[in-house]
Amino acid sequence: MNHLPLFLEIKDRPVLVVGGGEAAARRVETALKAGGRVTAVAIEAGPALKNIAKQDGVDLQEREFRPADLEGRVLVFVATEDEDLNGRVSALAQDAGIPVNVADRLSLCTFIMPAVIDRSPILVAVSSGGEAPILSRVLRARLETFVPAGLGRLARFAGAIRDRVQDAVPAGTGRRRFWEDFIDGPIAEYILAGQEDAARNLLDETLNEAVEDRKSGQPSNPEGEVYLVGSGPGDPDLLTFRALRLMQRADVVLHDRLVPAGILDLVRRDAERVFVGKKPGDQALRQEQISRLMIDLARQGKRVLRLKSGDPFVFGRGGEEIEALSSEGIPFQVVPGITAANGCASYAGIPLTHRDHAQSCMFLTGHMKDERLDLNWQAMVQPRQTLVVYMGLRSLPEFTEKLIAHGADPTTPAAIIDKGTRDQQQVITGTLDGLAVLVAEAELGGPATIIIGTVVTLRDKLSWFKPRDSG
């Protein structure tokens, strides 16, 4: 064991970060999550660092590093492109007895940063001893299943070839893609099987091709693709293994406002995040712009994660997006998610169908177009049927009024599930004619799912989730 694994308490203690780029911003973010008080020093701070510096607990100073900056610090992170500065800060920190980490410079570090799975208060940290950082990230995604027996051998192999890879493969997306292919491809399979000679032969071929491409001045660009991933109604535990795996491979993520922070935190840490969410009556980007952005990013060779709440094909406009991708010849994958109807009903203890209550279930949207609801009301008032309404908070008074006007029983049991499957889940039950009033009094913030039908009466027997209840 080359390093002693420790969990260090830095809450309300001073931490120094030297550097202004993306790597420095990630270290500031990590220290903040652990409760540290961070001073960031950079001659020029990049956009990511400036954005993080808006948070409480960060003091950003755009100037040169001074030795006095080390006074009183419990940890020092260095992430600059200036090798002399990296070495100088590391030496000063070590002389002062302060633990120091220099990004991608193992020889200058007295401690290393592991890949972390955060399930507070449980933390799982994985480290390759600094030899293969990309391997630690991939392992984090796989811990739910198994750890290959030959993983240590693979890490040593990766560490031994790291300098060769840096010389042969340009930094950035190309190098990261190399390491991902290395870990997921035949080279790693050979190593894990104990066939290192075969692995070295294949590695030599791969790196020789990369060197020739670099010499020609026309290095091959990796092919981009798009992942349309359903993140479910909110609980991170409802993600599929495939969704989590692709979230760890993406270079950039386009997400909407309904994807909670607990799920976004599972995306690869250094992936670019772009908010493209829409709010009632407002939207960051039009649907056509979102589709265009996915296409443009994929053509740049990026792996684009389109992360959607619920399921992409249930009121998620996923069909429109894959039409746009297909017409442009962009490779894509679709990963279904647990839609709000299933997830929220399950967590609220309301079966959508039941032999004694409902033999059919209808999903519909309460979203208004031009301030009007245009729905097939007659089809919605059929007996022994459950209705599930998405995006219906704003239109609920009009919706219930029209449903009753078209023949629905005003005393039909109904429920609204606010922030379903999340820790803040709240369930309000009542009858169709009184639901809008109950919702207005509760001042719900959404997202909300409405369930109408006699299946709601089974909730008292079947609910296992313990939310705050009303009604």
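**Arg 63, two parallel sheets and an enclosed helix**

Leaving aside residues up to four places away in sequence, Arg 63 touches Val 41, Ala 42, Ile 43 and Asp 69. This arginine sits in the loop that links strand 3 to strand 4. Is Arg 63 buried or exposed? Its relative accessibility is 17%, and because the cut-off for burial is under 20%, Arg 63 counts as buried. The model behind this picture, and behind everything below, is a predicted one.

Stepping back to the whole chain, the protein has 17 helices and 20 strands. Its C-alpha atoms fill a box of roughly 80 × 50 × 40 Å along the principal axes. Of the 471 residues, 47% are buried. About 24,000 Å² is exposed, with carbon and sulfur atoms supplying 50% of that area. As for contacts between residues at least 6 apart in sequence, 63% of them join residues at least 24 apart. On the charge side, there are 56 positive and 64 negative charges, and their mean positions lie 1 Å apart.

Back to the neighborhood of Arg 63. Strand 3 belongs to an open sheet of five strands, ordered 3-2-1-4-5 and paired in parallel. Strand 3 (58-62) and strand 5 (100-102) are the edges, each pairing on one side only. From one strand to the next, the twist averages 15 degrees. Strand 3 pairs with strand 2 (residues 37-42) through five bridges in the parallel sense, and within that pairing Ala 40 has Leu 60 of strand 3 as its bridge partner. Two helices can be placed against this sheet. Helix 1 (residues 22-33) lies across strand 1 (14-18), strand 2, strand 3, strand 4 (75-78) and strand 5, and runs at about 170 degrees to strand 2. Helix 3 (residues 83-95) packs on the sheet too, touching strand 1, strand 4 and strand 5, with its direction at about 165 degrees to that of strand 5.

Further along the chain comes another open sheet with parallel pairing, this one built from five strands in the order 10-9-13-8-14. Which strands form its edges? They are strand 10 (272-275) and strand 14 (332-335), each of which pairs on one side only. Here the twist averages 20 degrees from one strand to the next. Strand 8 (residues 225-230) runs parallel to strand 14, and four bridges hold the pair in register. Tyr 227 stands opposite Gln 333 of strand 14. Helix 12 (residues 318-327) packs on this sheet, where it touches strand 8, strand 13 (303-308) and strand 14; the angle between its direction and that of strand 8 is about 170 degrees.

Then there is helix 13. Why can helix 13 (residues 340-348) be called largely enclosed by the rest of the structure? Seven of its nine residues are buried, so little of the helix is left uncovered. The buried set consists of Ala 340, Ala 341, Gly 343, Cys 344, Ala 345, Tyr 347 and Ala 348. What do these residues pack against? Their partners are strand 15 (360-365), strand 16 (385-390), strand 17 (413-418), strand 18 (426-431), strand 19 (448-452) and helix 17 (459-462). Right after helix 13 comes Gly 349, with a positive phi near 75 degrees.

Among those partners, strand 16 is itself mostly covered, with six of its six residues buried. In a regular strand, side chains alternate between the two faces of the sheet. Strand 16 shows just such a split: Gln 385, Leu 387 and Val 389 point one way, while Thr 386, Val 388 and Tyr 390 point the other way, and all of them are buried. Strand 16 has pairing partners of both senses. Strand 15 runs parallel to strand 16, joined to it by six bridges, and Met 362 stands opposite Leu 387 of strand 16. Strand 19 pairs with strand 16 in the antiparallel sense over four bridges, with Ile 450 of strand 19 as the bridge partner of Val 389. Leu 387 and Val 389, which point the same way from strand 16, thus each appear in one of these two pairings.

Conventions:
Residues are numbered from 1 along each chain as its sequence is written. This is a predicted model: local features need pLDDT of at least 70, side-chain atom pairs count only at pLDDT 80 or more; totals for chains, interfaces and linings use all residues. Side-chain values use heavy atoms; hydrogens and water are left out. Buried means under 20% relative accessible area, exposed over 50%, partly exposed in between (1.4 Å probe, protein chains only). Contact means heavy atoms within 4.5 Å. Accessible areas come from the Shrake-Rupley method with a 1.4 Å probe; for residues, only the protein chains shown count as cover. Lys and Arg count as positive and Asp and Glu as negative; His and the chain ends are not counted. The place of a charge is taken as NZ of Lys, CZ of Arg, CG of Asp or CD of Glu. Two strands pair if DSSP finds at least two bridges between them. Axes are lines fitted to C-alpha atoms, for helices over the stretch in contact, and angles run from 0 to 180 degrees between N-to-C directions.
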